[in-house]
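Me: I'm new to this structure and would like a close look at a single part, the stacked pair of aromatic rings. Could you set the scene first, and then show me what else is worth a look around the chain?

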Amino acid sequence: MTSPAWLAAVNFNADGLIPAIAQDHKSGRILMMAWMNDESLQLTAQTQTAVYFSRSRAKLWHKGESSGHTQTVHDIRLDCDADVIVLSVTQAGGIACHTGRESCFYQRLDLSGQTPEWQTVDKVLKDPADIYHSNTVTQATPEINEAAAENIDHSHSHQNNSLATTHSILQQLDKVLGERKQADADSSYVASLYAKGLNKILEKVGEESTESIIAAKDFANCNENTDKAQYDEARHELIYEVADVWFHTLVGLAWFDIESEAVLNELGRRFGLSGIDEKSAR
C-alpha cells in the first residue's frame with residue numbers, strides 16, 4: 001500500500017505503531033484504546049470504519065469482525081506530539097468492550113475510603129457468551145476470538161505477559177458463567193444450558209469433544225499438496241472446536257462452583273513431575 005503524504009506527519013513508535021483512542025461521536029465518551037500501524041490507519045481513513053493492528057496476532061483486525069460491533073469513523077485527530085490518534089466513532093450495538101459493556105473503561109477508582117479501590121460502575125449490556133457464541137460468527141473464527149484479541153490489545157494492553165492475559169480471560173469467563181447461573185433461561189445461551197441441567201452440559205462437552213477430534217483428523221490429513229486456503233481453514237476449524245470444548249468444560253465446572261483457578265493450580269502442580277510417576281501415584 002502506497003503511503004499518502006498525510007501519513008508522514010504521524011509519529012509511529014519504534015514498533016511502527018501508534019495508540020488509537022475511540023470516542024463516541026455524540027456523547028464524547030472514551031470507548032476503547034487499541035493500536036494502529038500505518039496500514040490500519042490508512043484503511044480506517046479510506047473505509048471510514050475502524051481497523052486496528054493486533055500486537056498479539058501480528059495482523060490487522062477490523063473492529064467487530066467477530067462480534068458485529070463495528071465502528072463507523074466520523075473524524076480522525078492527531079495530538080500535538082503526533083503520537084496519539086483519536087477516532088470519533090459511532091459504535092454498532094452500543095458495545096465496544098468484549099465484556100459486553102459500552103466502554104472498556106468501566107472501572108473507576110473510588111477515593112472516598114481510606115484505601116482506594118477499583119469499582120465496576122457500568123453494567124453489562126449483553127452477555128459475552130452470547131456475543132461470541134453467536135451463529136453470526138464464522139466457523140473459521142474461534143468462539144471467543146475477538147474477546148481474547150481485544151482483551152490483549154486494548155483492555156489490558158499493559159499486560160505483556162501471556163500467562164497473565166490468559167489468567168485474566170479465564171477470570172472474566174468465570175465471573176460471567178457464575179452470573180449466568182442466576183439469569184433467566186431465555187436471556188442467554190449459557191443460562192439456557194444451566195436451566196436444562198448437568199446432563200445437557202455434559203452432553204455438549206461430549207459433542208464438542210467429538211467435533212474437535214474430527215477437526216483434528218481433518219487437519220492431520222493436510223499435507224504439502226494441500227491448498228493453503230484449505231490448510232488455514234482446517235487449522236482454524238480445529239482451534240474453533242477446541243475453544244468450544246474449553247468453553248463448555250468451564251460451564252461444567254461453574255455448575256459445581258469450581259473456578260478455572262483450581263485447574264490452573266493443578267496444572268501448575270504437575271510441572272516438574274513425571275507423567276508416569278504422577279499416574280502411578282493416583
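Reply: Sure, let's start with the whole thing. Of the 282 residues in the protein, 39% are buried. Keep in mind that this is a predicted model. Its secondary structure comes to nine helices and eight strands. As for the surface, the protein exposes about 15,900 Å², and carbon and sulfur atoms supply 53% of that. If you look at contacts with a separation of 6 or more, 55% of them are between residues 24 or more positions apart.

Now for the part you asked about. The structure holds three aromatic pairs. One of them is formed by Tyr194 and Trp255, and this pair is stacked, with 6.4 Å centre to centre and 25° between the planes. Why quote both a distance and an angle? A pair of aromatic rings is described by the distance of the centres and the angle of the planes. The pair counts as stacked because planes under 30 degrees apart fall in that class, and here the angle is 25°.

Where do the two partners sit? Tyr194 belongs to helix H5 (residues 189-196) and Trp255 to helix H7 (residues 228-255), so the pair links distant parts of the chain, 61 residues apart. Their surroundings are worth a glance too. Tyr194 is buried, because its relative accessible area is 8% and the cut-off for buried is under 20%. Trp255, with 31%, is partly exposed.

There's another ring to look at elsewhere. Arg101 lies over the face of Tyr106, and the distance from the ring centre is 4.0 Å.

Moving on to the surface, Leu109, Leu111 and Trp118 make a nonpolar patch of about 370 Å². Leu109 is part of strand E7 (residues 107-110), and its relative accessibility of 35% makes it partly exposed.

Next, try Gln91 in strand E6 (residues 85-91). Is Gln91 buried or exposed? It counts as buried, at 8% relative accessibility. Leaving aside neighbours within four places in sequence, Gln91 is in contact with Leu31, Lys63, His69, Thr70, Gln71 and Ala96. Take His69 from that list: Gln91 and His69 are 22 residues apart in sequence, yet their C-alpha atoms are 6.7 Å apart in space.

You can do a similar exercise with Phe12, which lies in the segment before strand E1 (18-24). Setting aside neighbours within four places in sequence, its contacts are Leu7, Leu17, Ile18, Met36, Asn37, Asp38 and Leu41. Phe12 and Asp38 are 26 residues apart in sequence and 8.1 Å apart in space, C-alpha to C-alpha.

Finally, have a look at the backbone in two loops. Gln48 has a phi near 60°, a positive value in a residue other than glycine. You'll find Gln48 in the loop between helix H1 (38-47) and strand E3 (51-54), and at 48% relative accessibility it counts as partly exposed. Ala82 also has a positive phi, of about 60°, although it is not a glycine. Its place is in the loop between strand E5 (71-78) and E6. With a relative accessible area of 13%, Ala82 is buried, whereas Gln48 is partly exposed.

Key
Residues are numbered from 1 along each chain as its sequence is written. This is a predicted model: local features need pLDDT of at least 70, side-chain atom pairs count only at pLDDT 80 or more; totals for chains, interfaces and linings use all residues. Side-chain values use heavy atoms; hydrogens and water are left out. Patches are made of residues with over 30% relative accessible area and no salt bridge: like charges are joined within 9 Å, nonpolar side chains (Val, Leu, Ile, Met, Phe, Trp, Tyr) within 5 Å. Accessible areas come from the Shrake-Rupley method with a 1.4 Å probe; for residues, only the protein chains shown count as cover. A salt bridge is a side-chain nitrogen of Lys or Arg within 4 Å of a carboxyl oxygen of Asp or Glu. Helices (H or I, at least four residues) and strands (E, at least two) are DSSP runs, numbered from the N terminus. Buried means under 20% relative accessible area, exposed over 50%, partly exposed in between (1.4 Å probe, protein chains only). Rings of Phe, Tyr and Trp (its six-membered ring) pair if their centres lie within 6.5 Å; planes under 30 degrees apart count as stacked, over 60 as edge-to-face and the rest as tilted. A charge sits over a ring if NZ of Lys or CZ of Arg is within 6 Å of the ring centre and within 35 degrees of the ring normal. Contact means heavy atoms within 4.5 Å.
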